[in-house]
Amino acid sequence: MVDGRPARMTISFDDALKKAGEARSLLIGNGFSIAQAGGQFTYANLLEKADLSPDSEIRSVFKTLNTVDFELVMQSLQDAAQVEEAYKEADRATRFRNDSTAVREALIHAIRQVHPGISFDIPQDQRDKCGTFLGNFQSVFTLNYDLLLYWVILKMGGNLFTDGFGKGDTTGGFRTFSEEADCNTFYLHGALHLFLGAKRDTLKRVATTGTIISDISDTIRSRRQLPLFVAEGSSTQKMARINSVPYLRFCYEKLQSIKGTLFVLGHSIAENDDHLYDAIFASEISKLFVCVYKPNDNLQGYRERLAKFRERNVNIEVEYIDSEKVEIWR
């Protein structure tokens, strides 16, 4: 209660900025991309857009493995091919290899269906607006696979946001991540333009001859390798994947070590992302501002999901913002 009146459920974004101080970080989830394009660039959505019949045996593999992870299905089919070879079943081995190739081609098809081809597919005024929004923060952590954030940062110019791929030459259309390079933009769950190198180093695909989407598609086809994604699964499964890739582990540790204030936008604090809030509530931030979609309906759920983390660190003050009133793209 304030002066005999009920306390406000949420505060405005501008008021949050005033309370936040100078050291501000941002964590963005899928809501950031939905606000621009209305779509969801996730493996689940890609599977729906993939050119795979719902009644096909390949789709049955996804269902049997209870996954939307294209890489897991491809690997499973390749493993099955090796087993069939061991049993002298050459025809079945060939079929599994062909189906693995079909999964890869289906992913390429889905990416082209779902993702904007070039940055100019995003209106200039929206890119400028988003750049102004991002300018409120000193570092950005993203859970999104798409290139929307990457494109906006490129168009902002200067070195306000850097991703750790700035040092070294471009070789074969790739740049290699270096922990020694300037970095304040972190792809916590990987991204469409990131690939693993032979030594588990992380490489960023850059545009060469065509659009970046075309170059990424060609990379998937020619290298027989999928982009670096932490696909949907349990928090434990995601954390295992993060720990297996040095770049992802680096990003996660940066989230654990932030100070000042963190804003969370476009993320519903789902249980399968508990590892993120384990990191946040182990950090040294003093304030956490969580943007809530339709707070009249959803705020209580956000509070309940955060409760178990707040018990671990009562020194972090938590406040909520109505996400529909945060101007990102428009």
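The following dialogue concerns the sheet in this predicted model and the helices beside it.

Residues are numbered from 1 along each chain as its sequence is written. In this predicted model, local features need pLDDT of at least 70, side-chain atom pairs count only at pLDDT 80 or more, totals for chains, interfaces and linings use all residues, and side-chain values use heavy atoms, with hydrogens and water left out.

Visitor: Which strands stand at the edges of the open sheet of six strands?

Guide: Strands here are DSSP runs (E, at least two residues), helices likewise (H or I, at least four), numbered from the N terminus. Two strands pair if DSSP finds at least two bridges between them. The sheet has the order E4-E2-E1-E7-E8-E9, with parallel pairing. Each edge strand has a single partner, so one side is left without a neighbour in the sheet; these strands are E4 (185-187) and E9 (317-322).

Visitor: Which residue of E2 is the bridge partner of Ile-28?

Guide: Strand E1 (residues 24-28) and strand E2 (residues 139-142) are parallel and share four bridges. In E2, the partner of Ile-28 is Thr-142.

Visitor: How many of the seven residues of strand E7 are buried?

Guide: Buried means under 20% relative accessible area, exposed over 50%, and partly exposed in between (1.4 Å probe, protein chains only). Strand E7 (residues 259-265) is largely enclosed by the rest of the structure, because its buried residues number five.

Visitor: Through which helix does the chain cross from E7 to E8?

Guide: E7 and E8 run parallel, joined by six bridges. The β-α-β crossover between them is right-handed, and its helix is H12 (residues 274-280). Right-handed means that, with the strands pointing away from the viewer, the path from the first strand over the helix to the second runs clockwise. The helix asked for is therefore H12.
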